[in-house]
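Here is a short briefing to read alongside your structure. Keep the 3D view open and follow the strands as they come up.

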Amino acid sequence: MPHSQTSASRGRVRLARGASPWLLPTVATAALSLARSRSSRRAAALAVPATALAAGMLWFFRDPDREITEGRVVAPADGVVQSIMPWHGGRTRVAIFMSPLNVHVNRAPLAGTVTSVEHIPGGFVPAFNKESENNERVVWHLDTELGDIEMVQIAGAVARRIVPYLPRGSKVEQGDRIGLIRFGSRVDLYLPEGVDVALEVGQKTVAGVTRVDRG
């Protein structure tokens, strides 16, 4: 069943798990340059861009709590619907493009059990490019009330690291955090036959909030 956050937690913003390899060195450099800026011109010159970069990293790796929407299927990613295509076996593929300004934490579109988490090496062309289907990616399969649901996290030209949060066999609730794609990228969701997609190409989505299926 879909679940929701308490009113106290909905306004809280945490940092995404898996952000530390990028975030900690940036914040440490900014803090050190600020501390030395009064006694060193070089440190003072470095302080402004280092602080700006650290602030940008904090924004990029934000992970806000959300109230999960009631519905059979919710969006797994923040971004813009890039395409909605008929797929093999009567399925429908919904591709969501994530820019560097979006939240990069992805969420479970349905409640269920993780039956497979497969990392597939590949390239790093821009995620809006058709050839991005051969990019570095993580393929998820969830056993849900609608049957097998496939979701693919695809790395982009900047995002070169996908961080799954859950192993095979994990139980998830709809809207649970399942992984991080650092910076911009794409998430493809494959819906089984019979699910009527309510989204349109060009529509913005919010992970865990935007409903994918038409009720």
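## The eight-stranded sheet

Eight strands make up an open sheet in the order 10-6-7-8-12-4-3-13, and their pairing is antiparallel. At its edges stand strand 10 (171-172) and strand 13 (204-205), each with a single partner strand, so one side of each has no neighbour in the sheet. Please bear in mind that this is a predicted model.

**The protein as a whole**

- The protein contains three helices and 13 strands.
- Of its 215 residues, 47% count as buried.
- The accessible surface of the protein is about 10,700 Å², and carbon and sulfur atoms account for 57% of that surface.
- Among contacts in the protein with a separation of 6 or more, 71% are between residues 24 or more positions apart.

**Strand 12, inside the eight-stranded sheet**

- Strand 12 covers residues 185-191, and seven of its seven residues are buried, so this strand is largely enclosed by the rest of the structure.
- If you look at the two faces of strand 12, you will find both covered. On one side S185, V187, L189 and L191 are buried, and on the other side R186, D188 and Y190 are buried too.
- Strand 4 (residues 92-98) runs antiparallel to strand 12, and seven bridges join the two.
- Two residue pairs help you find this pairing on screen: F97 has R186 of strand 12 as its bridge partner, and I96 has V187 of strand 12.
- Strand 8 (residues 147-155) is also antiparallel to strand 12, with six bridges between them. Here M151 is matched with L189 of strand 12 as its bridge partner.

**Strand 7 and its partners**

- Is strand 7 (residues 137-144) largely enclosed or left open? Six of its eight residues are buried, so strand 7 is largely enclosed by the rest of the structure.
- Strand 6 (residues 112-120) pairs with strand 7 in the antiparallel sense, over seven bridges. Within this pairing, E118 stands opposite V139 of strand 7.
- Strand 7 and strand 8 run antiparallel and are joined by eight bridges. For V138, the bridge partner in strand 8 is Q153.
- Strand 7 and strand 8 also form a hairpin, with two residues between them.

**The three-stranded sheet**

- A further open sheet has three strands in the order 5-11-9, paired in the antiparallel sense.
- Its edges are strand 5 (105-107) and strand 9 (162-164), each with a single partner strand, so one side of each is left without a neighbour in the sheet.
- From one strand to the next, the twist averages 25 degrees.
- Three bridges link strand 9 with strand 11 (residues 177-181), and this pairing is antiparallel. I162 stands opposite I181 of strand 11.

**P164, a residue of strand 9**

- P164 has its place in strand 9, and its relative accessible area of 34% makes it partly exposed.
- Which residues does P164 contact, leaving aside its neighbours within four places in sequence? They are V117, V138, W140, I178 and G179.
- With V138, P164 has a C-alpha separation of 7.9 Å, although the two are 26 residues apart along the chain.

**V201, a loop residue**

- V201 is found in the loop between strand 12 and strand 13.
- Is V201 buried or exposed? It is exposed, with a relative accessible area of 56%.
- Not counting residues up to four places away in sequence, V201 touches V81, Q82, S83 and I84.
- V201 and V81 are 120 residues apart in sequence, yet their C-alpha atoms are 5.0 Å apart in space.

**Rings and a charge**

- The charged end of R17 sits over the ring of Y165, and the distance to the ring centre is 4.2 Å.
- The count of aromatic pairs, with ring centres within 6.5 Å, comes to one.

Technical notes
Residues numbered from 1 in each chain as written. Predicted model: local features only at pLDDT ≥ 70, side-chain atom pairs only at ≥ 80, totals over all residues. Heavy atoms only, no water. Pairing = 2+ DSSP bridges. Helix = DSSP H or I, 4+ residues; strand = E, 2+ residues; numbered from the N terminus. Axes fitted to C-alpha atoms, helices over the stretch in contact; angles between N-to-C directions. Phe/Tyr/Trp six-rings, centres within 6.5 Å; stacked < 30°, edge-to-face > 60°. Lys NZ or Arg CZ within 6 Å of the ring centre and 35° of its normal. Buried < 20%, exposed > 50% of the residue type's maximum accessible area, 1.4 Å probe, protein only. Contact = heavy atoms within 4.5 Å. Areas by Shrake-Rupley, 256 points an atom, 1.4 Å probe, with all protein chains shown as cover.
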